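Could you walk me through this structure in the viewer, one selection at a time? I would like to know what to select next and what is there.

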Amino acid sequence: MSHWIGIISLFPEIFGPFLNAGVLGRGIKKGIIGVDLWNPRDYTDEPRRSVDDKPYGGGPGMVLKAQPLGDAIKAAKSDKGEDCHVIYLSPQGRQLTQNMLHQFLDKERIILVSGRYEGVDERLIESSVDEEISMGDYVLSGGEVPAMAFLDGLSRLVPGVVGDDISVENDSFSNGLLEYPQYTRPTIWDGKPVPDILTTGDHKKIDEWRKTQALGRSFERRPDLFGNKRLTEEEKRLFEKYLEISKQERTDR
């Protein structure tokens with residue numbers, strides 16, 4: 001097993017179908033990736049297995065207590081090692097990117113802490129969490145969906161999980177750009193044909209077309225992403241070509 005992920009969640013049953021399906025499910029069955037789940041309710045002394053309480057200072061909602069979460073993290077580390085990297089999935093963390101996922105490949109054992117309600121006791125973050133990660137500037141009911149997104153994104157990068165490594169290399173964001181548009185049969189659908197270049201069999205020209213499309217699509221749809229990309233000389237040439245084609249298309253209209 002090359003990578004292991006532990007998930008701390010109040011709702012571990014949510015993960016069952018997810019862990020048995022698709023690329024991730026195959027990676028787990030092959031023994032390339034391991035995933036285990038811990039429920040903080042199993043580590044509380046409360047008779048009703050309560051893991052939350054009202055916030056000090058007043059305010060709406062409930063806050064997850066440090067003790068059950070902390071003990072669940074300790075149990076995971078006791079099982080897999082003290083060097084586990086602990087991530088709290090939180091809107092206050094750094095926003096997850098493809099580059100960050102590549103960096104997390106260096107961590108062979110990761111524990112994901114899924115929050116709920118109004119958040120967790122800050123003392124848990126100070127004592128037991130290595131970093132906080134966010135999925136974006138929006139609010140979800142808990143950290144389970146972000147945990148799935150993190151796990152799916154990371155697992156695709158682990159060698160042997162995805163059958164075609166080239167497919168992973170061409171994914172959007174892998175080279176700092178969006179992916180080029182994809183087409184499949186039939187050649188004409190709803191009156192719309194596949195671009196002629198893709199049916200020529202000329203792989204050099206197809207590769208150039210795809211790179212040009214990736215540059216143009218990133219420029220048009222994600223200027224923030226494109227602005228951070230340091231273009232090679234070839235990419236500069238292809239981008240100029242894209243701009244010329246786009247200008248001509250606007251003129252023809």
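Start by selecting residues 203–221, helix α8, together with residues 233–252, helix α10. In this predicted model, the two helices pack at an angle of about 70 degrees, and their axes lie 9 Å apart. That angle makes α8 roughly perpendicular to α10, because values from 65 to 115 degrees fall in that class.

Now show the side chains where the two helices meet. On the α8 side, pick E208, K211, T212, L215, G216, F219 and E220. Their partners in α10 are E234, E235, R237, L238, F239, K241, Y242 and L243. Colour this contact by residue type and you will find six nonpolar, two polar and seven charged residues.

Next, move to helix α3, residues 66–80. Its 15 residues reach 21 Å from the first C-alpha to the last, close to the 21 Å expected at 1.5 Å a residue. Just after α3 comes G81, where phi is positive, near 125 degrees.

Which residues of α3 are buried? Select P68, L69, G70, A72, I73, A76 and K77 to see them. To look at what covers them, add strands β1 (3–8), β2 (33–38), β4 (63–64), β5 (85–95) and β6 (109–114), along with helix α5 (122–128); these are included in the cover.

Stay in α3 and centre on L69. L69 counts as buried because its relative accessibility is 3%, and the cut-off is under 20%. Leaving aside neighbours within four places in sequence, L69 is in contact with I8, P40, L64, V113, V120 and L124. For a sense of scale, draw a distance from the C-alpha of L69 to that of G25: these atoms are separated by 27 Å, with the two residues 44 apart along the chain.

Your next stop is the largest nonpolar core, which has 26 residues. Select I87, L96, F104, I110, L112, I133 and F150, which touch the most other members. At least two residues each come from β1, α1 (15–19), β2, β5, α4 (98–104), β6 and α6 (144–155). Among these, α6 gives the most, with five residues.

Zoom in on I133. Beyond its neighbours within four places in sequence, I133 is in contact with I87, Y88, L89, S90, G93, R94, L96, M100 and F104.

For the last selection, turn to another core, which lies apart from the largest one and has 19 residues. L64, A76, Y88 and V120 are among them.

How values were computed
Residues are numbered from 1 along each chain as its sequence is written. This is a predicted model: local features need pLDDT of at least 70, side-chain atom pairs count only at pLDDT 80 or more; totals for chains, interfaces and linings use all residues. Side-chain values use heavy atoms; hydrogens and water are left out. Helices (H or I, at least four residues) and strands (E, at least two) are DSSP runs, numbered from the N terminus. The expected span of a helix is 1.5 Å times one less than its number of residues. Buried means under 20% relative accessible area, exposed over 50%, partly exposed in between (1.4 Å probe, protein chains only). Contact means heavy atoms within 4.5 Å. Axes are lines fitted to C-alpha atoms, for helices over the stretch in contact, and angles run from 0 to 180 degrees between N-to-C directions. Angles under 35 degrees count as roughly parallel, over 145 as roughly antiparallel, 65 to 115 as roughly perpendicular and the rest as oblique. Ala, Val, Leu, Ile, Met, Phe, Trp, Tyr, Cys and Pro count as nonpolar, Asp, Glu, Lys and Arg as charged, and the others, Gly among them, as polar. A nonpolar core is a set of buried Ala, Val, Leu, Ile, Met, Phe, Trp, Tyr and Cys residues joined through side-chain atoms within 4.5 Å.
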